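Hi,

Here is the structure I promised to pass on. Have a look at it first, and my notes follow below.

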Amino acid sequence: MLGKLARQQDPNVLVGFDRADDAGVYLLTPETALVQTVDFFTPIVDDPYTFGQIAATNALSDVYAMGGKPLTSLALVCFPEKGDLQILERILAGGLSKMIEAGCTVVGGHSIRDEETKFGYSVTGVVHPKRVLANQGAQPGDRLLFTKAFGTGVISTAIKKGVAKQEWIDAAVSSMTTLNKAAAEVITTGRLVSGFRPGHAERSSAGQPGAAVPTWSVHALTDITGFGLIGHAREMALASNVSLVFQSASIPVLEGALDCIHAGHIPGGLKANRDFAECMVEYDPSVPADIRTLLFDPQTAGGLLISVSAEDAGPLTRALQDADVPVVEIGQVRLRTKPLIRITS
């Protein structure tokens with residue numbers, strides 16, 4: 001709907017809604033730009049504290065996906081008028097725990113009465129204007145790395161139906177409450193800032209002595225959330241004027257995700273994603289049907305999809321693994337052709 005409105009002509013908008021990117025970026029000074037995002041949703045797990053953690057992790061992710069550092073946040077609360085306020089307190093406490101972990105200060109918020117509980121945050125961060133990592137910029141020959149596993153959407157659907165096994169829930173919750181902070185720090189600075197480990201490379205930026213800059217050529221970055229892998233890959237491919245190839249055998253899968261698909265626990269968002277984007281996808285005949293479905297699964301607090309030069313893919317992978325980020329290579333970037341996205345075995 002925003003696309004139907006007149007775009008405001010502001011030269012300080014570095015990334016606006018017309019770019020279909022993860023967050024907006026606004027230039028303040030030659031050295032500083034704001035990164036702004038907002039995200040909130042209904043509960044996807046039963047425990048209020050965990051729900052708050054997931055909502056915060058998800059909201060923070062878009063700042064990390066732009067190469068930014070989150071600074072402040074505002075809580076968004078929809079809660080029933082006669083609801084148990086202890087539940088709301090636990091939701092807020094869970095969210096705060098992740099904001100503290102991210103070093104992001106909660107400075108306020110807004111609440112309304114609503115029959116259905118909803119919770120999330122508006123998050124503001126900062127990034128150097130010349131170091132914005134957008135979904136635009138992937139180059140032919142790049143390798144595509146991913147930092148989490150897929151399946152939170154189908155597992156959350158099984159949770160809502162009361163049929164999810166505890167080990168599935170544990171795996172999904174662990175993924176959805178893991179910040180993309182460590183991954184973003186390694187990607188953007190060449191080192192793990194919170195807990196620096198010897199052996200990580202660090203260079204200084206020209207004109208900014210001592211300022212860490214990336215030691216590898218990351219050309220594009222996005223987090224995989226509600227549109228699923230294919231939906232967000234489509235945005236990266238179109239923005240970069242390239243095609244993408246994914247190896248289905250390399251796709252990391254959460255425990256229980258394929259079981260959920262086999263049992264028919266398919267969220268409405270997955271069906272919508274597939275209806276919208278599958279027309280741009282071509283599969284090798286050997287790609288399993290369950291993996292084809294999983295590629296459209298809407299993720300909550302999903303991992304980062306990284307387009308990095310072939311020569312830097314190995315060093316970046318090792319650095320991320322040293323930071324305990326479970327990264328894997330899942331594909332490559334090719335010259336623009338048809339299909340836009342190809343899935344091989």
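Start with the two helices: in this predicted model, the axes of H1 (residues 48-65) and H2 (residues 85-102) come within 7 Å and cross at roughly 40 degrees. The crossing is right-handed. On the H1 side, the contact is made by Pro-48, Tyr-49, Phe-51, Gly-52, Gln-53, Ala-56, Thr-57, Leu-60 and Tyr-64. H2 brings in Ile-87, Arg-90, Ile-91, Ala-93, Gly-94, Gly-95, Ser-97, Lys-98, Met-99 and Ala-102. Sorted by type, the residues of this H1-H2 contact come out as 11 nonpolar, six polar and two charged.

Then there's the sheet. As a reminder, strands of a sheet pair through backbone hydrogen bonds, either parallel or antiparallel. Here we have an open sheet of six strands with mixed pairing, and the order is E1-E2-E3-E6-E4-E5. Strands E1 (13-15) and E5 (105-113) sit at the edges, each pairing on one side only. From one strand to the next, the twist averages 25 degrees.

If you want one pair to click through, try E4 (residues 69-79) and E6 (residues 118-127): they run antiparallel to each other and share nine bridges. To find your place there, look for Ser-73, whose bridge partner in E6 is Val-123.

So where does H1 meet the sheet? H1 packs on it by touching E3 (32-41), E4 and E6. The direction of H1 makes about 145 degrees with that of E3. That leaves H1 with two sets of contacts to look at, H2 and the sheet.

Cheers

Notes: Residues numbered from 1 in each chain as written. Predicted model: local features only at pLDDT ≥ 70, side-chain atom pairs only at ≥ 80, totals over all residues. Heavy atoms only, no water. Axes fitted to C-alpha atoms, helices over the stretch in contact; angles between N-to-C directions. Helix = DSSP H or I, 4+ residues; strand = E, 2+ residues; numbered from the N terminus. Left-handed = near helix turned anticlockwise from the far one by under 90°. Contact = heavy atoms within 4.5 Å. Nonpolar A, V, L, I, M, F, W, Y, C, P; charged D, E, K, R; others polar. Pairing = 2+ DSSP bridges.
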